[in-house]
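Let's walk through this model together, one feature at a time. Have the sequence and the 3D view at hand as we go.

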Amino acid sequence: MKFLLRLSAALFLPANLFASVSLEFQLGGVEVPAGSIAVLVADTAGNGFTAPPTAPGTALSAGETIGLDDTIVAVFASSDLSEWGSLEGFAGFAPEIRYDDLGVEAGQDLILHVFPGRAAGDPIRSGEPHVSYRTGDLGQIAPGSTMEFALPADGGAHLLATLIPANGGTADLSMIDLAPLPYGDGSGQLSGQLSPNAIHTYFFELTIPGYLDLSGSGGDGLRTELYGPDGSLLASSPGASLGSDLAAGWYVLRVLRETGGTGNLDYHLAFATEGIVLPDLAVGATARSLIGENVLGGATGQIVSLASRRARPVLGYATLANRGGKEEILSLRGNAGGPLCAITYLGESGNLTGAVVAGTFRSPGMDNADAPLALQVLFSPSKKKLTKKRGKRSITLRRTFAATLTAGSTVTPADPDKATLRASTR
């Protein structure tokens, strides 16, 4: 295999000069996102491997421990060797793996974890997207390899190559394909084809709570599995159909076959944000200068200040929306004014103050296809109480009054959103 990386001459120096192992590693071709890394891990206690999502904070560096006793032996960057064509993979070289320094021994089992979009030294995240691969079957190792998925005898240079037949190997590596799910804007679709032993793995992150509605088509034996931020199986369904409310975090979706087959299996998947309610408040000094749109869950910063010169009335604006795909009647509550400043809540139907202050205001049924409900908030400072005589001059006392709005769901559990309008006299 002329495309295999050539070992440097230093590898062939006597092993006892280094008291270490030199390892050339190749995994190709597989589909992984650009910038992925492969991490080779040893089972030092012989008790099986710990899944990476359960070890958040661990650095992806040689010598670090995943779980209680799985030690990272080496980290390899992804490669785009021209000999591998359009398929990606890994090709790297670890010139000096010192068993004593790492606390590992010859014969200990190895596993390969592949992480998308990561760099050596990055910490493992909760729910870290990954795929894992190992085999004790020599038929899955390229004929030119000099070791299995286990640490070789200390000293010397070794080659661990797992390649598809087109690249001179014997392995079907389609089960470690790894790609981002087109879910960034809450929707998307993709098509794929499963070979008899393939498992396609997709990952996505929700920065706010969401909903996965998966539908599609595929032949008999197709199965989908959804894994959550703690690595646990959340949902599994025969065929390309499942739905689940999701918290914020990383998720992994696997598409596989229930049983083996003799031919390829085509599938098509579609995604949508449906089934969840996301109350959303926005506020502004004008109807066209709102802040807080699509800022959900009462996140900080949704505050607008208004100036009331000489204690004159001042008007603020707000909108109420549901950014989720499930239709819902939303609630709205706001605080009352006081002796120094009356606060009036206005809508298309007139004065809404009584219902808003009592928390009984209800919107029409609305979802993310509906236009936001427009509101106005009128601050009416008491000019008499806020104006004082200083000699021959009249001055306006400086005071700040706040209307704090809270929007919520009336049926479906949802995080409320909050926004504030402040009026300051001067």
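**Aromatic pairs, a pocket and a sheet**

Trp250 has a relative accessibility of 15%, so this residue counts as buried, given that the cut-off is under 20%. Please keep in mind that the model is a predicted one.

What does Trp250 pair with? Its aromatic partner is Phe203, in a tilted arrangement with 6.3 Å from centre to centre and 45 degrees between the planes. An angle of 45 degrees earns the name tilted because stacked planes are under 30 degrees apart and edge-to-face planes over 60. This pair links distant parts of the chain: Phe203 sits in strand E11 (residues 200-206) and Trp250 in strand E16 (residues 249-257), 47 residues apart. Phe203 is buried too, with a relative accessible area of 11%.

Now for the wider count of such contacts: the model has four aromatic pairs. One of them joins Tyr133 and Phe149, and here the geometry is edge-to-face, with the centres 5.7 Å apart and 85 degrees between the planes. These partners also come from distant parts of the chain, 16 residues apart: Tyr133 belongs to strand E7 (residues 131-133), while Phe149 lies in the loop between E7 and strand E8 (156-163). Are these two residues buried or exposed? Tyr133 is buried at 7% relative accessibility, and Phe149 is buried as well, at 2%.

Strands E7 and E16 come up again at the largest pocket, where they are the elements that give two or more residues to the lining. The space in this pocket is about 400 Å³. Its lining is made of 20 residues, and those nearest the centre are His130, Val131, Ser132, Val252 and Arg254. Which element gives the largest share of the lining? That is E7, with three residues. Sorted by class, the lining has nine nonpolar, seven polar and four charged residues.

Let's finish further along the chain, with a sheet. Six strands make up an open, antiparallel sheet, and their order is E19-E18-E21-E26-E23-E24. Why do E19 and E24 each have one side without a neighbour in the sheet? Strand E19 (290-291) and strand E24 (350-351) stand at the edges and each has a single partner strand, so one side of each stays unpaired there. For E24, the pairing is with strand E23 (residues 341-347), antiparallel and over two bridges. To find this contact in the 3D view, look for Gly347, whose bridge partner in E24 is Gly350.

Key:
Residues are numbered from 1 along each chain as its sequence is written. This is a predicted model: local features need pLDDT of at least 70, side-chain atom pairs count only at pLDDT 80 or more; totals for chains, interfaces and linings use all residues. Side-chain values use heavy atoms; hydrogens and water are left out. Rings of Phe, Tyr and Trp (its six-membered ring) pair if their centres lie within 6.5 Å; planes under 30 degrees apart count as stacked, over 60 as edge-to-face and the rest as tilted. Helices (H or I, at least four residues) and strands (E, at least two) are DSSP runs, numbered from the N terminus. Buried means under 20% relative accessible area, exposed over 50%, partly exposed in between (1.4 Å probe, protein chains only). On a 1 Å grid over the protein atoms alone, a cavity is a set of points where a 1.4 Å probe fits but cannot get out, and a pocket is an open set with protein on both sides within 12 Å along at least five of seven lines; lining residues have an atom within 4 Å of a point. Grid points are joined across faces, edges and corners, and a volume is the space filled by probe spheres set on the points. Ala, Val, Leu, Ile, Met, Phe, Trp, Tyr, Cys and Pro count as nonpolar, Asp, Glu, Lys and Arg as charged, and the others, Gly among them, as polar. Two strands pair if DSSP finds at least two bridges between them.
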